[in-house]
Amino acid sequence: MLHDITADPRPHDAPHTPRTRRGFIAAVADWSARHRALAIGGWLALIVLAAVSGALPLGDQANATDPGEAGIAESRIDAAGDYAVRENVLITGPDATAAVADLVTALEAAPDAVADIGSPLSDHGERWRSGDAALVTFTILGPDADHEAHYTTALGAVADVQAAHPGTEILQAGDATLSGAVDAGIKDDMKRAETTSLPLTVLVLLAVFGSLVAAGLPLLLAATSVAGAFGLLNLLGHWVPFNGAGSAIVLLVGMAVGIDYSLFYLRRFREERAAGHDPATALRTTARTSGHVIAASGLTVIVCMAGLLITGIDVLKGLALGTALVVALAVLGSVTFLPALLALLRHRVDAARLPWLGKRRIQAAPSRFWARIAAAVVQRPLATGGLAAVLLLIAATPVIGLRLQDAAVTDSLPPGASAAVDAATAMNDHFPGAATSARVVITPIAGDTLDQAELDTAVAALHDEAAASDGRLLEPITTTALDGALVIRVPLAGDTTGPEADAALAHLRDHALPNAFADTATEHAVTGKTALPHDFTQQLTARTPYVIAFILLLAFVLLAITFRSWAIPLASIALNLLSIGAACGALAWVFQDGHLEDLLGFTSYGGVVSWIPLFMFIILFGLSMDYHIFVLSRVAERRLAGAPHHDAITDGIAASAGVVSSAALIMTGVFSVFVTLSAIEYKMLGLGMALAILIDATIVRGVLLPAALALMGDRAWGRATAVSGPSRTGDPSMDPRT
């Protein structure tokens with residue numbers, strides 16, 4: 001921490017002589033550098049042990065419980081021990097009637113695979129007709145071991161009927177087909193992201209370091225940290241649920257912090273070597289300065305991610321665990337493995353230089369461009385800082401009308417990306433809500449059993465409620481019997497996750513079900529593709545203020561301890577909020593308001609995915625603190641060494657801007673790849689993160705931060721400036737690096 005790096009522990013009136021105090025982080029790094037084989041071997045052994053621990057046969061992984069009533073309904077379905085997977089087939093065309101008859105016959109011929117067939121041939125067949133279109137619905141039976149085979153049987157029956165009626169359009173969309181489409185889309189997107197982002201990262205690292213060996217160190221640290229984190233996640237996943245979709249986020253965060261921390265360390269090591277220090281001295285100084293910055297930054301990221309625990313949502317708890325693990329490992333590797341490698345390589349860290357680029361990059365000179373910007377800013381801090389702040393506030397204004405709404409499966413993937421998604425879209429034109437119906441789970445009150453006669457009467461009453469619901473609840477309503485439970489599917493009006501669908505869900509929960517089942521000894525809970533995101537968003541929205549307050553408070557405490565100042569934490573938090581607000585404003589302007597649709601390849605559905613703004617806030621607040629602490633530590637070193645205030649700001653910005661710009665360039669490139677993926681969620685995450693990092697590394701660190709420091713003056717550094725503040729000269733002997 002800064003106090004450990006630069007502050008003199010003696011009383012303020014004591015005579016001043018150069019003195020360096022080595023902290024715990026520096027001691028660990030120094031030990032690693034002196035015991036290279038032990039440190040490198042220990043790190044690799046730790047990673048191997050972590051990876052192997054994930055393969056231990058400890059039983060099934062923990063399952064996440066969804067929040068709210070939808071989570072209760074899902075748990076009751078699981079407790080029933082059977083499948084409630086339902087598929088729908090839309091049939092249109094001149095030969096539709098014959099195709100319906102053939103499909104029903106084929107499905108009835110497989111009673112072990114499908115059940116609960118509904119069609120125009122059933123009682124109340126008009127419920128399965130809409131103009132010239134017909135709908136056939138059926139349940140695919142379990143158990144787990146047989147479900148895949150039964151699903152294949154049903155697909156085969158549909159395919160055979162299609163082959164027998166080539167002039168008829170037969171489209172299938174339901175629980176299994178839509179889930180398969182989403183899973184396939186995620187896998188394809190992740191594969192494209194990995195194959196694109198890794199080469200891009202390598203190229204930028206080569207451009208940043210100008211040396212093959214130096215560029216390989218950040219990748220090695222990041223790769224080993226991620227491998228160890230995934231191993232530990234597999235182990236801890238037996239007790240803490242972790243959603244596999246979060247793996248991509250853990251990978252990105254691991255790459256981000258691994259590369260950032262390596263950049264901080266290598267840049268300082270090169271500077272010390274360029275100043276004429278021998279490798280051992282350069283390493284000790286690097287550990288005392290950049291090592292402490294890395295530890296403080298990593299702790300800040302972990303604290304920020306811990307805020308996700310407050311949401312009470314299992315999926316986000318697992319995500320918090322995964323990111324905390326990968327950051328902790330990256331910090332540990334940065335103060336043990338990395339110093340040992342540098343001690344081993346010494347001057348060879350700059351081996352295999354790139355032609356033309358290598359010599360200039362290896363010199364690690366201050367940035368003249370950012371030095372000129374910072375010098376101009378500190379001369380007129382109020383005008384330049386005020387203008388930058390106003391621009392970011394204007395960019396953040398769309399946040400005022402932000403509407404959190406998850407994308408329906410038909411909105412998530414673009415047209416043509418999946419046959420099942422296209423089928424669901426066509427199905428909604430004829431039978432709105434049929435492909436994404438609400439699932440009502442009916443269970444007996446404790447100690448009772450379901451009475452079939454009562455259920456029949458209640459289901460008939462639910463049909464009547466639907467007819468009287470002014471189009472909010474739709475037909476066909478279908479039922480599936482499980483072991484000790486009944487699942488009723490009720491199509492809802494509107495887009496699956498839109499306001500109209502939410503209103504229909506509220507009507508179903510608050511009026512239709514209580515009225516229909518009032519005289520039965522049962523209880524009910526509603527889940528489905530409308531209820532799950534609705535309840536998720538509702539709980540997330542309710543807990544978000546507490547998450548934000550927690551992160552801001554602890555970030556303030558950490559920064560106050562690090563810099564021994566009240567002004568620095570307040571300014572830091574304000575600057576981070578500005579950059580995050582501007583990024584979220586751009587997200588709302590693009591995706592909610594529907595700008596740049598053709599350029600980015602999406603169709604707006606009028607909202608922003610519920611978890612993305614909070615996730616962006618947490619990740620960006622943590623990652624931006626890496627840059628923030630790194631830059632501030634450089635400025636503080638110069639100020640506490642006796643440099644004039646404005647010179648300390650300008651020199652500190654110039655010395656650190658190259659690292660920050662390089663790290664931001666890598667992360668912006670990686671997240672920009674996500675904008676090219678198919679799912680709109682990934683486009684939102686990629687654009688939001690890329691913009692926020694770009695804003696943070698340029699406007700915030702290059703303009704707003706020096707402006708804020710210039711306006712605060714020596715008040716920024718609190719009582720620490722009393723030791724070596726304005727009354728001190730710029731004597732090099734007082735530089736804490738010596």
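Which strands each supply at least two residues of the lining of the second largest cavity? They are strand E1 (85–92) and strand E4 (133–140). The model is predicted, and the values below are computed from it.

**Cavities**

A search of the whole structure finds 9 cavities of 30 Å³ or more. The second largest has a volume of about 80 Å³. Its lining includes Arg86, Asn88, Leu135 and Thr137, and Asp175, Ala434, Ala435 and Ser437 are also lining residues. Pro476, Thr478, Arg489 and Pro491 complete the list. By type, the lining divides into 5 nonpolar, 4 polar and 3 charged residues.

Pro476, one of the lining residues, is joined to Glu475 by a cis peptide bond, with omega about 5°. Pro476 is located in the loop between helix H18 (452–467) and strand E7 (478–482).

**Strands E6 and E9**

Strand E6 (residues 438–444) pairs with E9 in the antiparallel sense, over 7 bridges. Within this pairing, Ile442 stands opposite His524 in E9. Strand E9 (residues 522–528) is mostly covered, with 5 of its 7 residues buried.

**Salt bridges**

The structure holds 13 salt bridges. The table gives three of them, with the distance between the closest N and O atoms.

| Basic residue | Acidic residue | N to O distance |
|---|---|---|
| Arg439 | Glu74 | 2.7 Å |
| Arg634 | Glu271 | 3.1 Å |
| Arg701 | Asp696 | 2.7 Å |

The salt bridge of Arg439 with Glu74 links distant parts of the chain: Arg439 belongs to strand E6 and Glu74 to helix H4 (residues 68–80), 365 residues apart. Arg439 and Glu74 are both buried.

For the salt bridge between Arg634 and Glu271, the partners come from two helices. Arg634 lies in helix H23 (residues 611–640) and Glu271 in helix H9 (residues 247–274), so this pair ties together parts that are 363 residues apart in sequence. Arg634 and Glu271 are both buried.

The side chains of Arg701 and Asp696 also meet in a salt bridge, and both of these residues are buried. In addition, a network of salt bridges links Glu69, Arg509 and Asp535.

**Cysteines**

How many disulfides does a search of the whole structure find? The number is 0. Cys304 is in no disulfide, and the nearest cysteine sulfur, that of Cys584, is 14 Å away. Why does Cys584 have no bond to Cys304? The closest cysteine sulfur to that of Cys584 is the one in Cys304, and 14 Å is too far for a bond; the cut-off for a disulfide is 2.5 Å between the sulfur atoms. Cys304 counts as buried because its relative accessibility is 1%. Cys584 is also buried, with a relative accessible area of 10%.

**Backbone angles**

Most residues other than glycine have a negative phi, and most peptide bonds are trans. Asp116 is not a glycine, yet has a positive phi of about 55°. Asp116 lies in strand E2 (residues 114–118) and is partly exposed, with a relative accessible area of 34%.

Asp470 likewise has a positive phi of about 55° without being a glycine. Is Asp470 buried or exposed? At 69% relative accessibility, Asp470 counts as exposed. Asp470 is placed in the loop between H18 and E7, and Pro476 is also in the loop between these two elements.

How values were computed. Residues numbered from 1 in each chain as written. Predicted model: local features only at pLDDT ≥ 70, side-chain atom pairs only at ≥ 80, totals over all residues. Heavy atoms only, no water. Buried < 20%, exposed > 50% of the residue type's maximum accessible area, 1.4 Å probe, protein only. Helix = DSSP H or I, 4+ residues; strand = E, 2+ residues; numbered from the N terminus. Pairing = 2+ DSSP bridges. 1 Å grid on protein atoms, 1.4 Å probe; cavity = no way out; pocket = protein on both sides within 12 Å on 5 of 7 lines; lining within 4 Å. Points joined across faces, edges and corners; volume = space filled by probe spheres on them. Nonpolar A, V, L, I, M, F, W, Y, C, P; charged D, E, K, R; others polar. Salt bridge = Lys/Arg side-chain N within 4 Å of Asp/Glu carboxyl O.
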